[in-house]
Amino acid sequence: MEDIMKKISIAVDGPSAAGKSSIAKIVAKRLDYIYIDTGAMYRCVGYYCLENNIDLKDEQAVSQALKQIKIEMDSNNHIFLNGQDVSQVIRQDQVSMSASVVSSYQAVRTFLVEQQRQMANVGGVILDGRDIGTVVLPNAELKIYQIASVDTRAKRRYLENQERGLTADLELIKKDIEQRDYQDMNRDISPLKQAEDAIVLDTSAMTLQEVVDAVLKLVEEKIKEV
């Protein structure tokens, strides 16, 4: 892809395990953009609550815990929670479910969205999550809604867990994904939904490289428009 001087903001939304983060990281590297892993930020909050025995169903307790949370990221896609590298542990299925719970709380969303917007102010960024195009960056030049079938997503998560040396049960993962989808789409605050001006990208039958190529093409087309 030819070098492009103009840089835009890219929002990638979609359900759990749709491959958003993997694609966003690769595309960011190819374009020399900054990748902001928003999902990891919610996972950090969920993980902190799990580790400190904070009742995930107690919204006030979770909100109070935010005062003790500091999240940082480096150029190598490492995630730090209060100085500890949690890049791997926050990918566990239990943490994924906890992230879905805490993300339904207004205080948590306000806390993290403000941080995400500040990070995105520099331009030339790509963010992925559930409500990037609808809430976090509603004015992003390119919005992509990345989807895949439940079976495809479960198989991808299963293989990822195996590669990380984590316990992997395909049927359990599938049930977790279905439950996560329901929670994300039916929560009262910032539910998962496609932005009106988002481009749908179904990756069920696509390889990783095919998805990357498709996104890069969309970026190139969008830059020519703006």
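**Entry 1: D176**

I started with D176, which is buried and yet has no salt bridge in this predicted model. The nearest side chain of opposite charge is R157, and I read the distance as 7.5 Å. A salt bridge here needs a nitrogen of Lys or Arg within 4 Å of a carboxyl oxygen, so R157 is out of range for D176. I placed D176 in helix α8, which covers residues 170–186. Which residues does D176 touch, leaving aside its neighbours within four places in sequence? I found D93 and M97.

**Entry 2: R157 and its partners**

Next I looked up what R157 does pair with. It forms a salt bridge with E160, and the closest N and O atoms are 3.6 Å apart. Both residues lie in helix α7, three residues apart, which is about one turn of the helix. R157 has a relative accessible area of 9%, so I noted it as buried. E160 comes out at 26% and therefore counts as partly exposed. I then followed the links outward and found a salt-bridge network of D93, R157, E160 and R164. D93 was already on my page as a contact of D176.

**Entry 3: Other salt bridges**

How many salt bridges does a search of the whole structure find? I got 13. One of them joins the side chains of R153 and D181, at 2.7 Å from N to O. R153 sits in helix α7 (residues 150–163) and D181 in helix α8, so this pair ties together parts that are 28 residues apart in sequence. Both R153 and D181 are buried.

I also checked E225 and K222, whose side chains meet at 3.1 Å, N to O. These two share helix α9 (residues 208–225) and are three residues apart, about one turn of the helix. Is each one buried or exposed? E225 is exposed, with a relative accessible area of 60%, whereas K222 is buried at 19%.

**Entry 4: Loops**

I went through the loops for positive phi angles. A17 has a phi of about 65 degrees although it is not a glycine. I found A17 in the loop between β1 (9–13) and α1 (20–31), and its relative accessibility of 13% makes it buried. N53 is another non-glycine with a positive phi, about 55 degrees. Its loop runs between α2 (38–51) and α3 (59–65), and N53 is exposed at 74% relative accessibility.

N77 caught my eye for its contacts. It lies in the loop between β3 (71–73) and β4 (79–81) and is partly exposed, at 30%. Not counting residues up to four places away in sequence, N77 touches K25, Y35 and S87. I also noted I36, which is 41 residues from N77 in sequence but 8.6 Å from it in space, C-alpha to C-alpha.

**Entry 5: The whole protein**

Last, I stepped back. I counted nine helices and eight strands in the protein. The radius of gyration is 17 Å, close to the 17 Å from the globule rule for 226 residues, so the protein is as compact as a globular protein of that length. The C-alpha trace spans about 50 × 35 × 30 Å along its principal axes. Buried residues make up 47% of the 226. Of the contacts between residues at least 6 apart in sequence, 76% join residues at least 24 apart. The exposed area is about 11400 Å², and carbon and sulfur atoms supply 47% of that. For the charges, I noted 28 positive and 35 negative, with mean positions 1 Å apart.

Terms used. Residues numbered from 1 in each chain as written. Predicted model: local features only at pLDDT ≥ 70, side-chain atom pairs only at ≥ 80, totals over all residues. Heavy atoms only, no water. Helix = DSSP H or I, 4+ residues; strand = E, 2+ residues; numbered from the N terminus. Buried < 20%, exposed > 50% of the residue type's maximum accessible area, 1.4 Å probe, protein only. Lys, Arg positive; Asp, Glu negative; His and termini not counted. Contact = heavy atoms within 4.5 Å. Rg over C-alpha atoms; globule rule 2.2 N^0.38 Å. Areas by Shrake-Rupley, 256 points an atom, 1.4 Å probe, with all protein chains shown as cover. Charge placed at Lys NZ, Arg CZ, Asp CG, Glu CD.
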